[in-house]
Each structure stands twice: as C-alpha cells, then as structure tokens.
Amino acid sequence: MNENNCGSIKISEEVIASIAITAALEIDGTAKVHQKLLASAKNIVGSIKATQKGVSLVTTDNGLDVTVQISVKNGYKIPDVAVAVQENVKESIMNMTGINVYRVNVIVSNVVEQKVKSE
C-alpha cells in the first residue's frame with residue numbers, strides 16, 4: 001500500500017496474480033499456467049498460504065515471494081524456460097506495481113505436446 005497527499009493506493013492480490021500469469025505466458029516455451037497449485041507443489045515450496053488464480057503470494061520482510069506452476073512445451077529446455085519465467089514475472093510485477101519481489105518460485109509440473117495446426 002502506498003500513501004500520498006491524495007490518499008492511499010492498494011493493489012489487490014488478484015491483480016498481482018494476473019500480472020504474474022501474463023508474464024509467465026509471455027515466455028516462449030510456457031504452455032500453461034495452472035490455475036490451482038497441486039498439493040505436491042505446496043510440499044516443494046513449503047509455506048504456501050492462499051493462492052489467487054493459481055499463483056501463491058507471500059509477503060516477507062525481504063519483499064513479495066511469488067510461486068507459479070507451469071507446463072512447458074515439449075522440445076524446450078525446462079531450466080531455460082523456468083529462469084525466463086522467473087525474470088519476467090519479477091520484472092513485470094515490480095514495473096507495474098512498484099512492489100519489491102524477493103523471489104519467484106517456478107514449479108514445472110508437466111511437459112505438453114505442441115499442437116500442430118492442420119492446413
């Protein structure tokens with residue numbers, strides 16, 4: 001929340017989650033952002049509280065801790081896609097909201113075949 005001479009500005013978690021989803025989908029190789037984190041994902045990351053649109057947002061002393069769960073398109077290098085998603089999500093949230101993002105956790109839960117368009 002920001003305070004200024006005109007009043008306060010609050011950005012909802014749903015808006016931040018939407019920014020994270022859009023940023024993740026902008027990365028070539030991301031097939032899907034899951035709208036609900038799997039129970040197994042919660043075990044991997046640890047203390048996931050509430051989620052908005054499948055994105056976990058936890059406020060820490062160091063800034064916002066974001067977790068997104070994605071599927072990667074077959075044929076793409078999973079680490080490269082995941083790092084690109086981390087960087088784009090962090091940059092997008094910080095640029096659009098001014099909120100410090102401490103880290104972005106990416107959980108790759110699936111590899112999917114790319115659909116070939118028929119002529």
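This passage describes the fold of a predicted model, followed by one helix and one residue within a strand.

The chain contains three helices and seven strands, and these elements follow one another from the N terminus in the order β-β-α-β-α-β-β-β-α-β. Of its 119 residues, 36% are classed as buried. When contacts between residues at least 6 apart in sequence are considered, 66% of them join residues that lie at least 24 apart. The accessible surface of the chain amounts to about 7,600 Å², and carbon and sulfur atoms account for 48% of this area.

Helix α1, which comprises residues 13-25, was examined for its length and for its buried positions. With 13 residues and a value of 1.5 Å a residue, the helix should span 18 Å, the expected span being 1.5 Å times one less than the number of residues; the C-alpha atoms at its two ends are 18 Å apart, and the model therefore agrees with the expectation. The buried residues of α1 comprise the isoleucines Ile 16, Ile 19 and Ile 21, together with the alanines Ala 17, Ala 20, Ala 23 and Ala 24.

A polar residue, Gln 69, was considered in strand β6, which covers residues 63-73. Gln 69 counts as buried because its relative accessibility is 0%, the limit for this class being under 20%. The side chain of Gln 69 is joined to that of Ser 109 by a polar contact of 3.3 Å, so that this residue of β6 combines a buried position with a side-chain polar contact.

Conventions
Residues numbered from 1 in each chain as written. Predicted model: local features only at pLDDT ≥ 70, side-chain atom pairs only at ≥ 80, totals over all residues. Heavy atoms only, no water. Helix = DSSP H or I, 4+ residues; strand = E, 2+ residues; numbered from the N terminus. Buried < 20%, exposed > 50% of the residue type's maximum accessible area, 1.4 Å probe, protein only. Polar contact = N/O pair within 3.5 Å; in protein donor to acceptor, adjacent residues only side chain to side chain. Contact = heavy atoms within 4.5 Å. Areas by Shrake-Rupley, 256 points an atom, 1.4 Å probe, with all protein chains shown as cover.
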